[in-house]
Amino acid sequence: MVDKSNYDERTPYQLPFPKEAQTEIVIPDAIPDDERLWVPQAENVWFRPLCLNRSQGYWMNILRVRKSGVLSRHRHPQPVHGFVLKGRWSYLEHDWTAEEGGYVYEPPGETHTLVVPEGVEEMMTYFQVNGVMCYVDPWGEVLGYEDVFTKIDLCKKHFEEVGLGADFVDQFIR
């Protein structure tokens with residue numbers, strides 16, 4: 001029998017974790033100095049993968065943009081969460097601007113056109129995207145899509161090209 005009378009609040013949990021539990025992800029340099037960790041998505045647009053959850057169909061990343069103008073028009077069938085780390089951006093369809101330190105919740109069904117305004121040299125936003133992003137024209141015609149699997153494929157290709165190896169992405173996959 002274990003003596004439970006002699007412990008304080010700094011005693012760590014004493015039982016084993018479930019053997020089926022996945023390992024945690026800890027990334028000490030979420031905004032890295034190593035440019036190889038930024039995966040190119042378009043001209044002057046990159047993302048830093050943090051969690052690519054293939055079992056639940058979401059991804060978390062930092063989006064970095066170094067250009068002004070329209071980035072993309074897209075529709076979300078599931079919610080998206082964003083936290084602006086640097087710079088600012090807005091949607092043509094709304095009258096607000098997401099600024100450094102601001103949080104944005106995008107409800108399912110939202111379709112919007114992301115714009116980085118003139119004068120913003122760099123925008124970085126931490127996003128959790130659930131499900132799929134459908135790229136559309138102004139009338140809703142689907143032009144393409146992105147999901148956790150296309151993100152994984154982009155990462156594999158990029159990490160292989162920069163010498164880190166395609167399996168470098170495995171640390172972010174759950």
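**An aromatic cluster and a one-faced helix**

At 7% relative accessibility, Phe127 counts as buried, since the cut-off for burial is under 20%. The model described here is predicted. Phe127 lies in strand β10, which covers residues 123-130. Its ring belongs to a cluster, in which ring pairs link Trp89, Tyr91, Trp96 and Phe127.

Trp89 is a second buried member of this cluster, with a relative accessible area of 0%. The ring centres of Trp89 and Phe127 are 5.9 Å apart. Their planes meet at 45°, so this pair is tilted. The angle falls between the limits of 30 degrees for stacked rings and 60 for edge-to-face ones. The pair also links distant parts of the chain. Trp89 sits in strand β6 and Phe127 in strand β10, 38 residues apart.

Across the whole structure, a search finds 7 aromatic pairs. One of them joins Trp89 to Trp96. Here the centres are 5.9 Å apart, with 70° between the planes, and the pair is edge-to-face. Trp96 is partly exposed, at a relative accessible area of 29%, whereas Trp89 is buried.

The strand that carries Trp89 has two pairing partners described here. Strand β6 (residues 88-91) pairs with strand β7 (residues 97-99) in the antiparallel sense, over 3 bridges. Arg88 has Glu99 of β7 as its bridge partner. A hairpin of 5 residues joins β6 to β7. Strand β9 (residues 111-116) also runs antiparallel to β6, and 2 bridges join them. In that pairing, Ser90 is matched with Val115 of β9.

Helix α1 comes next. The helix spans residues 148-161. At 1.5 Å a residue, its 14 residues should span 20 Å. The end C-alpha atoms are 20 Å apart, which agrees. At the start of α1, a side-chain oxygen of Asp147 reaches to within 2.9 Å of the backbone nitrogen of Phe149. Gly163 follows the helix, with a positive phi near 90°.

Which residues of α1 are buried? They are Val148, Lys151, Ile152, Cys155, His158 and Phe159. Seen down the helix axis, these buried residues fall within an arc of 135°, so they line one face of α1. An α-helix has 3.6 residues a turn, so residues three or four places apart point the same way. On the other side of α1, Lys157 and Glu161 are exposed. The buried residues pack against four strands: β1 (39-42), β2 (45-53), β3 (58-65) and β12 (142-146).

His158 gives a closer view of the buried face. At 10% relative accessibility, His158 counts as buried. Its side chain reaches the backbone oxygen of Trp38 at 3.1 Å. With residues up to four places away in sequence left out, His158 touches Arg36, Trp38, Val39 and Pro40. Trp38 thus appears both as a residue touched by His158 and as the owner of the backbone oxygen that the His158 side chain reaches.

Notes
Residues numbered from 1 in each chain as written. Predicted model: local features only at pLDDT ≥ 70, side-chain atom pairs only at ≥ 80, totals over all residues. Heavy atoms only, no water. Buried < 20%, exposed > 50% of the residue type's maximum accessible area, 1.4 Å probe, protein only. Polar contact = N/O pair within 3.5 Å; in protein donor to acceptor, adjacent residues only side chain to side chain. Contact = heavy atoms within 4.5 Å. Expected span 1.5 Å × (residues − 1). Arc of directions from axis to C-beta. Pairing = 2+ DSSP bridges. Phe/Tyr/Trp six-rings, centres within 6.5 Å; stacked < 30°, edge-to-face > 60°.
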